[in-house]
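Hi,

Here is the structure I promised to pass on. Have a look at it first, then read my notes below.

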Amino acid sequence: MADYEAESELEDFDEDEEESSDNQILEVHAEHIVTKDEAGQRIDKLAAELFADHSRAQLQEWMKSGNLTINGSVEKPKYRVKADDSLLLQAKLEQHGNDQPEDIALDIVYEDDSVLVVNKPVGMVVHPGAGNWTGTLVNGLLFHYPNQAHLPRAGLVHRIDKNTSGLLVIGKTKAAQLELQEQLKDKSVYRHYQCIVAGDAASLARQRTIDAPIGRHRTQRTKMTVTSMGKPAVTHIMTITPLNENYSLLDVQLETGRTHQIRVHLSHIGHPIIGDDVYGNRQQLRAGLTQEQRDAIQNFPRQALHAYQLGFIHPETGEDIEVTAPLPDDIVALAEILSE
């Protein structure tokens with residue numbers, strides 16, 4: 001499976017996907033006796049100050065599980081400490097795999113103690129795999145957030161392809177990661193993309209919902225295809241903005257998260273994404289193009305696809321969170337040329 005992982009568009013990680021077998025266990029042990037000056041504080045607030053290497057959400061998780069005790073007892077986060085109370089933190093953190101931290105700049109669009117949302121640039125692979133062991137988003141996360149080494153893939157919840165730009169949500173604690181993965185399964189998470197396709201508005205409007213199962217191609221194993229043997233896959237075309245008579249900018253919403261889903265579905269209905277050298281084929285070039293427009297389409301170096309909006313229920317507070325990332329410059333420039 002490893003040689004396919006870096007090619008995924010926005011696919012929920014499979015439950016049966018194997019994790020690395022070389023995981024290491026990190027022992028966490030810390031003790032503290034409450035001073036007179038600290039007395040009266042809520043335990044969750046004091047713990048966050050004392051054990052600052054761990055997030056508030058992680059510490060609250062340990063309070064619930066009994067890994068963080070007060071005088072040997074489990075207390076609620078609102079418990080107010082007294083002088084001479086004894087705090088004991090004993091826990092184990094599983095270090096997943098041998099992925100190395102790398103000082104890679106990350107475009108953070110949302111962050112709190114439980115959740116992180118990153119705007120991934122074009123060209124960055126999401127996590128290490130065959131042929132891409134360094135320079136990935138996971139390598140960057142491990143550098144900037146070393147405590148997430150105990151989470152599978154540093155907290156990743158889903159993934160997007162190397163040559164697709166846009167938003168990814170990451171859990172900063174095990175509880176947050178699991179909750180967000182559950183939201184993907186029950187469709188509480190909504191995901192919107194923008195893309196430029198070969199297709200006129202009238203034709204696209206007749207195919208607003210694409211409901212077609214997707215599976216591996218029989219002979220080309222790195223490709224996906226619409227097949228009756230595949231998993232259910234549903235894509236919704238939400239808005240259509242004509243750029244000219246034969247090209248459009250789409251707002252697309254994913255209902256499911258299959259590998260290459262949007263690319264496969266749009267190609268399947270005869271309206272491939274510009275720059276998609278796997279599923280785009282010759283259908284990308286339509287009649288009536290100027291030479292500049294033809295060159296812009298033929299030379300566009302990646303699929304013109306961007307994950308611009310992501311919504312989810314906050315795993316700790318229950319709030320509705322929505323984040324957006326504007327279209328990158330290369331897709332904006334392509335849209336302008338096609339609109340001329």
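Below are some notes on one strand and one surface patch.

First, the ground rules: this is a predicted model, with local features needing pLDDT of at least 70 and side-chain atom pairs counting only at pLDDT 80 or more, while totals for chains, interfaces and linings use all residues. Residues are numbered from 1 along each chain as its sequence is written, and side-chain values use heavy atoms, with hydrogens and water left out.

Start with strand β14, residues 247-254 (helices, H or I, of at least four residues and strands, E, of at least two are DSSP runs, numbered from the N terminus). Eight of its eight residues are buried, so β14 is largely enclosed by the rest of the structure. Buried here means under 20% relative accessible area, exposed over 50%, and partly exposed in between (1.4 Å probe, protein chains only). Both faces are covered: Tyr247, Leu249, Asp251 and Gln253 are buried on one side, and Ser248, Leu250, Val252 and Leu254 on the other.

As for partners (strands pair if DSSP finds at least two bridges between them), β14 runs antiparallel to β9, residues 190-198, over eight bridges, with His192 opposite Gln253. It also pairs in the antiparallel sense with β13, residues 234-242, over seven bridges; there Thr235 faces Leu254. A hairpin of four residues joins β13 to β14.

Then there's helix α8, residues 291-299, which holds Asp295. That residue counts as partly exposed because its relative accessibility is 31%.

Cheers
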